[in-house]
Amino acid sequence: MYSMVGRHRPPVRPGTTHDGVLVVPGIMGTELYEAATGHMLWGMKKVAEYAARWDLDKGMDALALTEGERAGRLGRVVPGRLLRTPAWMPLTDGFEPYTPLVKSLYKAVVHRDAVAEFGYDWRLPVEHNAKALADAIDRHLTAWRAHPDCVAARRNAPDERPAQIVLVAHSMGGLVAAALGLIPGALDEVRAVVTVGTPFHGAVKATEMLNSGRGMLGLPAKNLSRLARTLPGVHELLPSYRCLDTGDDVVALTPGDVESIGGDRELARDAFALHQRLDRVVLPEHRIVEGTAQPTTQSLRIRDGVVEARRVGFDRHDDGELLRDEIGRLVEYDHGGDGTVYRFSTTHGELDTVAVAQQHAALPVTDFVIDVVRGLLTGNRRGARLGGTDAGLDLPDRVAVNAGFDVVVWTGQDPARVSCVIEDAGAELITDPVRKPVLMPVPGADGMLTARVELSAPGLYRVKVGAGGDPVTRLVMVA
């Protein structure tokens, strides 16, 4: 019988790399715990806990940054793993767990120990978390280089170079990765970086979070704004591009503007300064994935301290002057995005982007995006589209039990070929869909389809719309 005893481990398999990988989640993508008690503050296993805490007066105040923490006395809250179950917060499309992404990366490395997760306290400043990421890179790379499978794979690799690190970063995680460039030597052992839905120029959604206690009704919105105004992480997601529509001009937000809508002037000032410095960072072998085709807030107006978020943006001539019509009015465009991040906010430098029609939370677990990431790891050409038509998806982020709501879809696909499935996102094992609503064309609205849905049980549900490619997905809380 043929034996492998005493023989070398096999060489690096086609489609794998001997590099190490660190997955860096977005804001609210890491479980958080109270250090003194071990009580879970974020990342709850039961979906009902999210609705209950947001509906409870001051129910999320334990996550707020205290004056002591702001002064640097940290340790009250400690990060845990990346999200393992879906999570929900007002004004968002929810948060999907990173488990499918992590498991898929195992197939692109010579041993699963090459893949590690970087959980961090997303309440804290980006630069604080970048320093923690730099330490995590050193620890993971040291351990992985000593791993027998890494040693054997390097010996059989064509160039026999030492293993390096590839960073896979979603949303705010991309800002944390970029902030490594502000730390001397922190990028020396990073071979490549892929950022997915990262708002390098911020997102109007952050202004809505800060302002929700003024511009929206209900306890969840007030809890959200009270929490958000204490968090450097939220302020660092504020839009730094020209987004404030003043009527006859479009200007960038100032710290005073942020304060006027409920934010913190000092945190806003620091955030805008950070964005200026991050603009100059060059990430190694950087690849950008952006979400497109989804209804996305791109600009805003401020009226009496209340944010009016708008799903339109603007464009400009080569000299920077805004485009206007024949009588001088600003020309509005719907550039789209991923439902949270305006499409062109994901750009960094002069790099090209990879576009995929998907919602922000679902981007890192979309098959096409996972293929792009694995292609960056292995050098194989992956991520080729298999056809299909882009689809945009819109629905409320929260509804009441038995209260009807509309699922609205935009697509150029034949309506008969567009499917909609609603499943229980909180179920440990998803077998059958909860609903399969039929999308019908809207008379007079070319490309628009809609379905009326009622859900009779509380919970967190995932709406999936397929138009021939990867399904576009979004979460909705029924409470």
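These are my notebook entries on the overall form of this protein and on one of its sheets, all taken from a predicted model.

**Whole protein.** I began with the inventory of elements, and I found twelve helices and 21 strands in the protein. I then looked up the extent of the C-alpha trace, which spans about 75 × 55 × 55 Å along its principal axes. For 479 residues a compact globule would have a radius of gyration near 23 Å, and because the protein has 23 Å, I noted that the two agree.

**Burial and contacts.** I noted that 54% of the 479 residues count as buried, while the accessible surface comes to about 20,900 Å², with 50% of that area belonging to carbon and sulfur atoms. Among contacts with a separation of 6 or more, I found that 71% join residues 24 or more positions apart.

**The sheet.** I followed six strands through an open sheet, in the order β5-β1-β6-β7-β10-β13, and the pairing is parallel. At the edges I found β5 (115–117) and β13 (353–357), each with a single partner strand, so one side of each is left without a neighbour in the sheet. Neighbouring strands of this sheet are turned by 20° against each other on average, direction ignored.

**One pair of strands.** I looked closer at β6 (residues 165–170) and β7 (residues 190–196), which pair in the parallel sense over six bridges. Leu167 has Val193 in β7 as its bridge partner.

**Helices on the sheet.** Helix α4 (residues 126–145) lies across β1 (20–24), β5, β6 and β7, and runs at about 150° to β1. Helix α12 (residues 367–378) also packs on the sheet, where I saw that helix α12 touches β1, β6, β7, β10 (286–292) and β13, with its direction at about 170° to that of β7.

Conventions
Residues numbered from 1 in each chain as written. Predicted model: local features only at pLDDT ≥ 70, side-chain atom pairs only at ≥ 80, totals over all residues. Heavy atoms only, no water. Pairing = 2+ DSSP bridges. Helix = DSSP H or I, 4+ residues; strand = E, 2+ residues; numbered from the N terminus. Axes fitted to C-alpha atoms, helices over the stretch in contact; angles between N-to-C directions. Contact = heavy atoms within 4.5 Å. Rg over C-alpha atoms; globule rule 2.2 N^0.38 Å. Buried < 20%, exposed > 50% of the residue type's maximum accessible area, 1.4 Å probe, protein only. Areas by Shrake-Rupley, 256 points an atom, 1.4 Å probe, with all protein chains shown as cover.
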